[in-house]
Amino acid sequence: MGKLPGNERPLVGQRANVLKTQVQELLAERLQAVKSAALAERLARETIDVTAPPSGIPMGHRHPLITTTEQIVDLFCGLGYRVAEGPEVETDDYNFQRLRIPTDHPARDMQDTFWIELDHTLLRTHTSPIQIRYMDSHEPPIRICVPGRTYRYEATDATHEWMFHQVELLAVDEGISLADLKGTLQEFARALFGSERKVLIRNGYFAYVEPGVELAVDCFACPGDDPKCAVCRGAGWLEIMGAGMVHPELLEAAGYDSSRYTGFAAGMGPERIAMLKYGITDIRNFYANDLRFLRQF
Ligand code: DAH
């Protein structure tokens, strides 16, 4: 264009534009033709077999807490216990009073909870009320195992949650002694943690048992003396269970003759047990719904 004499430029420019438009139109037509041919070819090739089995449906799996709870329940069922359950919304009477924890009892401080109706109905703080409920409606011999959710007004941290689980045990029969309790707890600890884990049974206070004990397992997260350890805080032991011989007053209140029948009871926390089994250092992981955590189990 630059070499053309000035008077020819507009004409040549005009023609070049016409040519450009024609080429563009032809290209677009051709592109459209190529595209529709490709689509026609793909549609001819593509068939949907509605009878084929589906592929790639994502499968979930059991939550580590459910697995652990089922392991505990299975173990006790193998020892002759049957599963019992009770309400999560409980009365003050079953949750505290009838377990020998009256309104002004200091044990209530550690089990403050969510009240539905003040001084009357609450979210149960433990599964122990099922001991009373079950004894009220059954006669010895009794062997029950009670899994369920429990609630407390807690400052949440690595080992405390406001909602957690417990599994309660109750055995009432003629001739049951502390030796039976000890043997049962040792069998439980061996089955769940293996014989290499150290188990400590020390005395502990619970109003509804006499004598009362605590079962603890040695810390898995530190050598046992690290005061900064998030799991044991330097105690070296992680308490997983309270237990003891059922207080005779509970037996009498249920209408049993406490000179004939004795029993033991225990309450354990599957969260802590799962933490020990899998080396989980923060209880909050169980309920955070983080798939990166859950996929590990
Ligand atoms: N209920 C107790 C708690 O939540 C645990 C417990 C202790 C249960 C002693 C029992 C028992 O059956 O005998 O801390």
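**Figure 1. Pro129 sits in helix α4.** This is a predicted model, and the first close-up picks out a proline that is tucked away: Pro129 has a relative accessible area of 0%, so it counts as buried. Which residues does Pro129 touch once its neighbours within four places in sequence are set aside? They are Glu90, Tyr94, Asn95 and Leu99. Phe96 is 33 residues from Pro129 along the chain, yet the C-alpha atoms of the two are separated by 7.7 Å.

**Figure 2. Thr127, in the loop between β4 (121–123) and α4.** Is Thr127 buried or exposed? It comes out at 0% relative accessibility, and therefore counts as buried, since the cut-off is under 20%. Skip the neighbours within four places in sequence and Thr127 is in contact with Val146, Gly148, Thr150, Gln166, Val167 and Glu168.

**Figure 3. The ligand and the residues around it.** There are 16 residues around the ligand, and His126, Arg152, Gln166, Glu168 and Tyr208 come nearest. Gln166 and Glu168 also turn up among the contacts of Thr127. Three polar pairs are worth zooming in on. A polar side-chain atom of His126 lies 2.9 Å from a nitrogen atom of the ligand. For Ser128, a polar side-chain atom is 3.0 Å from a ligand nitrogen atom. Ala265 uses its backbone instead: an N or O atom there lies 3.2 Å from an oxygen atom of the ligand.

**Figure 4. Helix α5, residues 178–193.** The 16 residues of α5 reach 22 Å from the first C-alpha to the last, close to the 22 Å expected at 1.5 Å a residue. Which residues of α5 are buried? The list runs Leu181, Thr184, Leu185, Phe188, Ala189, Leu192 and Phe193. Looking down the axis of α5, these buried residues fall within an arc of 130 degrees, so they line one face of the helix. The spacing fits a familiar rule: an α-helix has 3.6 residues a turn, so residues three or four places apart point the same way. What covers the buried residues of α5 includes the helices α2 (64–78) and α7 (270–278), along with the strands β7 (199–203), β8 (209–218), β9 (237–246) and β10 (261–268). Right after α5 comes Gly194, with a positive phi near 85 degrees.

**Figure 5. The largest nonpolar core, with 34 residues.** Four of its residues touch the most other members: Phe76, Phe188, Ile240 and Met268. Elements giving two or more residues to this core are α2, β6 (163–174), α5, β8, β9, β10 and α7. Which element gives the most to it? That would be α5, with 6 residues. As general background, nonpolar side chains in soluble globular proteins tend to be buried together. For a closer look at one hub, take Ile240: leaving out residues up to four places away in sequence, Ile240 touches Phe188, Phe193, Leu215, Ala216, Val217, Gly267, Met268, Gly269, Arg272, Ile273 and Leu276. Apart from the largest core lies another one, of 26 residues, including Tyr134, Leu170, Ala207 and Val209.

**Figure 6. Two cis peptide bonds, one ending at Pro141 and one at Pro211.** Pro140 and Pro141 are joined by a cis bond with omega about 5 degrees. Pro141 lies in the loop between α4 (129–137) and β5 (142–151). The bond between Glu210 and Pro211 is cis too, with omega about 0 degrees. Where is Pro211? It lies in strand β8.

**Figure 7. Positive phi at Arg233 and Asn289.** Arg233 is not a glycine, yet its phi is positive, about 50 degrees. Arg233 is found in the loop between β8 and β9, and at 47% relative accessibility it counts as partly exposed. Asn289, also not a glycine, has a positive phi of about 55 degrees. Asn289 lies in the loop between α7 and α8 (291–294), and its 63% relative accessibility makes it count as exposed.

**Figure 8. Ala288, in the loop between α7 and α8.** Ala288 has 49% relative accessibility, so it counts as partly exposed. Asp74 is 214 residues away from Ala288 along the chain, and their C-alpha atoms are separated by 27 Å.

Note on methods
Residues numbered from 1 in each chain as written. Predicted model: local features only at pLDDT ≥ 70, side-chain atom pairs only at ≥ 80, totals over all residues. Heavy atoms only, no water. Helix = DSSP H or I, 4+ residues; strand = E, 2+ residues; numbered from the N terminus. Expected span 1.5 Å × (residues − 1). Buried < 20%, exposed > 50% of the residue type's maximum accessible area, 1.4 Å probe, protein only. Arc of directions from axis to C-beta. Contact = heavy atoms within 4.5 Å. Core = buried A, V, L, I, M, F, W, Y, C linked by side-chain atoms within 4.5 Å. Near = heavy atom within 4 Å. Polar contact = N/O pair within 3.5 Å; in protein donor to acceptor, adjacent residues only side chain to side chain.
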